Amino acid sequence: MVASILILGGTTEATALAQAMAERGQPAVLSLAGRVARPKPQPIATRVGGFGGVAGLVDYLRANRISHVVDATHPFAATMSAHAVAACAAVGVPLAALTRPPWTPGPGDRWHRVADMDAAVAALAGPPRRVMAAVGRMHLERFAAQPQHFYLLRLVDPPAAPLPLPHAHVLVSRGPFTQAGDSALMRDHRIDLVVSKNAGGTGARAKIDAARALSLPVVMVDRPALPARTELASVQAVIDWLAHTQADLGV
Ligand SMILES: NC(=O)c1ccc[n+]([C@@H]2O[C@H](COP(=O)([O-])OP(=O)(O)OC[C@H]3O[C@@H](n4cnc5c(N)ncnc54)[C@H](OP(=O)(O)O)[C@@H]3O)[C@@H](O)[C@H]2O)c1
């Protein structure tokens, strides 16, 4: 068994890995950014809040004698992931990412792929439409550049400040969501376009399946580029990697 593992979390996959670590009696700490007001209870110790950039993460790894880091953050958490690559390289701590494959369009999907959130906003130029924007609280300001639309927003927490969008309806829910439920939601709000990040995985997929079932177009935001790193696709793959990877520790 290795010493303490740091799991960079904020995702369903991170919670599943934390559960596996708890069941194995493997010392591990789950790190959350602190974006969500009431995080779900976790089966292992948690720490909350940024580390203070690469230098802060280096200090944390050393101070806590972390032997391995597993980056199980959301695929759009590109800053945290880049910091993890840099800090682990600096300290000599092995790093792996627990990733989920991106979604790919299938028959019936009407995707318009864009490179980033700014391109998604630009793609909304034109007459008013009824848009389900499943993009998270952090990106809403940008959509103020297209104020002509009605926006259906689904957020984990109620907005702390007035929304920058004149025509918007907020649903506060963290799921789980189903295709049937999201289809009904889109019909009830007469949605004619969906904006989504290509998150991958099953947790956020319902709206994409619902859009296909209703023949709705989807503006799909591609994932940000990340530095090269070891990528693992399952909790079991992480367990195997932990068993076979020794830290080159100067900690
Ligand atoms: N982006 C999404 O669409 C999305 C969706 C669902 C869940 N999440 C989760 O929400 C969190 C924040 O996402 P983001 O896109 O805002 O990240 P980000 O832009 O990559 O990170 C910005 C800063 O937030 C801090 N941070 C991010 N994740 C952290 C973690 N797990 N533990 C400690 N500090 C963290 C770091 O601060 P310092 O530089 O001070 O260390 C990082 O530099 C992540 O944990 C992610 O897994 C994100």
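This is a short walk through the helix packing, the nonpolar cores and a few backbone details of one predicted model.

I will start with helix packing. Two packed helices are described by the angle between their axes and the distance between the axes. There are three pairs to go through.

The first pair is H2, residues 53-63, and H3, residues 78-91. Their axes come within 9 Å and cross at roughly 50°. That makes H2 oblique to H3. The crossing of H2 past H3 is right-handed. On the H2 side, the contact involves Gly 53, Val 54, Leu 57, Val 58, Leu 61 and Arg 62. Facing them in H3 are Met 80, His 83, Ala 84, Ala 86, Ala 87, Cys 88, Ala 90 and Val 91. By class, this contact has eleven nonpolar residues, two polar and one charged.

Which residues of H2 are buried? They are Gly 56, Leu 57, Val 58, Tyr 60 and Leu 61. H3 is part of what covers them, and the cover also includes S1, S2, strand S3 (45-48) and strand S4 (66-71).

On the H3 side, take Ala 84, which sits in that helix. Its relative accessibility is 0%, so Ala 84 counts as buried. Leaving out neighbours within four places in sequence, Ala 84 is in contact with Leu 8, Leu 57, Asp 71 and Leu 95. Leu 57 is also one of the H2 residues in the helix contact I just listed. Ala 84 and Ala 96 are twelve residues apart along the chain, and 9.6 Å separates their C-alpha atoms.

The second pair is H1 and H8. These pack at an angle of about 50°, with their axes 10 Å apart. That makes H1 oblique to H8, and the crossing is right-handed. H1 brings Ala 16, Leu 17, Ala 20, Met 21 and Arg 24 to the contact, and H8 brings Val 235, Val 238, Ile 239 and Leu 242. The classes here are eight nonpolar, no polar and one charged.

The third pair is H6, residues 179-188, and H7, residues 206-213. Their axes come within 8 Å and cross at roughly 60°, and H6 and H7 are therefore oblique to each other. This crossing is right-handed too. The residues in contact are Gln 179, Asp 182, Ser 183 and Met 186 from H6, with Ala 206, Lys 207, Asp 209, Ala 210, Ala 211 and Ala 213 from H7. They divide into five nonpolar, two polar and three charged.

Next, the cores. The largest nonpolar core has 20 residues. Which of its members touch the most others? They are Ile 5, Ile 7, Leu 17, Met 21, Val 70 and Val 238. Strand S1 (4-8), helix H1 (12-24), strand S2 (28-32), strand S5 (95-98) and helix H8 (235-244) each supply at least two residues of this core. H1 gives the most, with five.

Val 70 shows how these parts come together. Neighbours within four places aside, Val 70 contacts Ile 5, Leu 6, Ile 7, Leu 8, Leu 17, Ala 96, Leu 98, Val 238 and Trp 241. Apart from this core lies another, of 19 residues, including Met 117, Ala 120, Val 135 and Leu 165.

One more buried position is Ser 4, in strand S1. Its relative accessibility is 16%, so Ser 4 counts as buried. Not counting residues up to four places away, Ser 4 touches Pro 27, Ala 28, Val 29, Arg 65, Ile 66, Ser 67 and His 68.

Arg 65 in that list leads to the backbone. Where is Arg 65 placed? In the loop between H2 and S4. Arg 65 is not a glycine, but has a positive phi of about 45°.

Arg 190 is another residue other than glycine with a positive phi, near 50°. Arg 190 is found in the loop between H6 and strand S10 (193-197). With a relative accessible area of 56%, Arg 190 is exposed.

Last, a cis peptide bond. The bond from Gly 175 to Pro 176 is cis, with omega near 5°. Pro 176 is in the loop between strand S9 (168-172) and H6.

Methods. Residues numbered from 1 in each chain as written. Predicted model: local features only at pLDDT ≥ 70, side-chain atom pairs only at ≥ 80, totals over all residues. Heavy atoms only, no water. Axes fitted to C-alpha atoms, helices over the stretch in contact; angles between N-to-C directions. Helix = DSSP H or I, 4+ residues; strand = E, 2+ residues; numbered from the N terminus. Parallel < 35°, antiparallel > 145°, perpendicular 65-115°, else oblique. Left-handed = near helix turned anticlockwise from the far one by under 90°. Contact = heavy atoms within 4.5 Å. Nonpolar A, V, L, I, M, F, W, Y, C, P; charged D, E, K, R; others polar. Core = buried A, V, L, I, M, F, W, Y, C linked by side-chain atoms within 4.5 Å. Buried < 20%, exposed > 50% of the residue type's maximum accessible area, 1.4 Å probe, protein only.
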